[in-house]
Amino acid sequence: YRGTNPPGLHLYDIEREVSSQIDKRGGMNIWSRDGNYITYSVYYEGNYYIIDRSFDGLYSDTLITSDRFIGPYCWSTDKRYFIYVYMNERYIRDLMYLDMSQSERTPMVLSNEPVHETFADLDPSGKYFVYVTDHVYVQPFPPDGQRIKVSDERGGEPCWLRGGDEI
């Protein structure tokens, strides 16, 4: 959770009733599907960073850095692809992704419409993603320009069920 006193990103152990600080600057965050990693954004010295970190402390990696807001949304099941939000120069949120199997982590556009795109999630097979703009849409992944509108109005935080056949 994000705390305010002390500030930052915290992990709360329910059984032991103990809270520990993960990062004093942590912001928007997601858990890995296996629960062993947390990916979170931080703002530090004029830049935004997305950091991926294991809970055992043996692994930590800065995935991407930007002078504009960025925040994590989801990983593919195999952790090959990472989807995040990027605030573009028009202050509109675009969906981006990284292919972690590439030696160069080049940001690729997932969706950049003239309105905010938010709340993206990859299905467990990695073949489709769901996201929100003025409606909720499903598209093939990687994107090919096709999309299916699955709501008649704006939705919020759509996610795939574990089987991947329902949102």
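This briefing describes the fold, the surface, the nonpolar cores and some backbone details of one protein chain.

The model is a predicted one, and its secondary structure consists of 15 strands with zero helices. The radius of gyration is 16 Å, close to the 15 Å that the globule rule gives for 167 residues, so the protein is as compact as a globular protein of that length.

**Overall dimensions and contacts**

- Taken along the principal axes, the box filled by the C-alpha atoms measures roughly 45 × 35 × 35 Å.
- Among the contacts with a separation of 6 or more, 27% are made by residues that lie 24 or more positions apart.

**Surface, burial and charge**

- Of the 167 residues in the protein, 41% count as buried, while the exposed area comes to about 9,800 Å², of which carbon and sulfur atoms supply 47%.
- The protein carries 17 positive and 26 negative charges, and the mean positions of these two sets are 3 Å apart.

**Nonpolar cores**

- In soluble globular proteins, nonpolar side chains tend to be buried together.
- The largest nonpolar core here has 14 residues, and those with the most contacts inside it are Ile 83, Leu 110, Leu 122 and Phe 141.
- Two or more residues are given to this core by each of the elements β8 (70-75), β9 (81-87), β10 (93-99), β12 (118-122) and β13 (128-132), with β9 providing the largest share, three residues.
- Apart from this core lies another one, of eleven residues, which includes Ile 50, Leu 63, Ile 70 and Met 100.

**Phe 141 and the cis peptide bond**

- Leaving aside residues up to four places away in sequence, Phe 141 touches Tyr 81, Ile 83, Tyr 97, Leu 110, Leu 122, Gly 126, Lys 127, Tyr 128 and Phe 129.
- Phe 141 is also joined to Pro 142 by a cis peptide bond, for which omega is about -10°, and Pro 142 itself is placed in the loop between β14 (136-140) and β15 (148-149).

**Positive phi angles outside glycine**

- Glu 45, although not a glycine, has a positive phi of about 50°; this residue is found in the loop between β5 (37-44) and β6 (47-54), and with a relative accessible area of 67%, above the 50% cut-off, Glu 45 counts as exposed.
- Lys 79 is likewise not a glycine and has a positive phi of about 60°; Lys 79 is found in the loop between β8 and β9, and at 24% relative accessibility it counts as partly exposed.

Note on methods. Residues numbered from 1 in each chain as written. Predicted model: local features only at pLDDT ≥ 70, side-chain atom pairs only at ≥ 80, totals over all residues. Heavy atoms only, no water. Helix = DSSP H or I, 4+ residues; strand = E, 2+ residues; numbered from the N terminus. Rg over C-alpha atoms; globule rule 2.2 N^0.38 Å. Buried < 20%, exposed > 50% of the residue type's maximum accessible area, 1.4 Å probe, protein only. Contact = heavy atoms within 4.5 Å. Areas by Shrake-Rupley, 256 points an atom, 1.4 Å probe, with all protein chains shown as cover. Lys, Arg positive; Asp, Glu negative; His and termini not counted. Charge placed at Lys NZ, Arg CZ, Asp CG, Glu CD. Core = buried A, V, L, I, M, F, W, Y, C linked by side-chain atoms within 4.5 Å.
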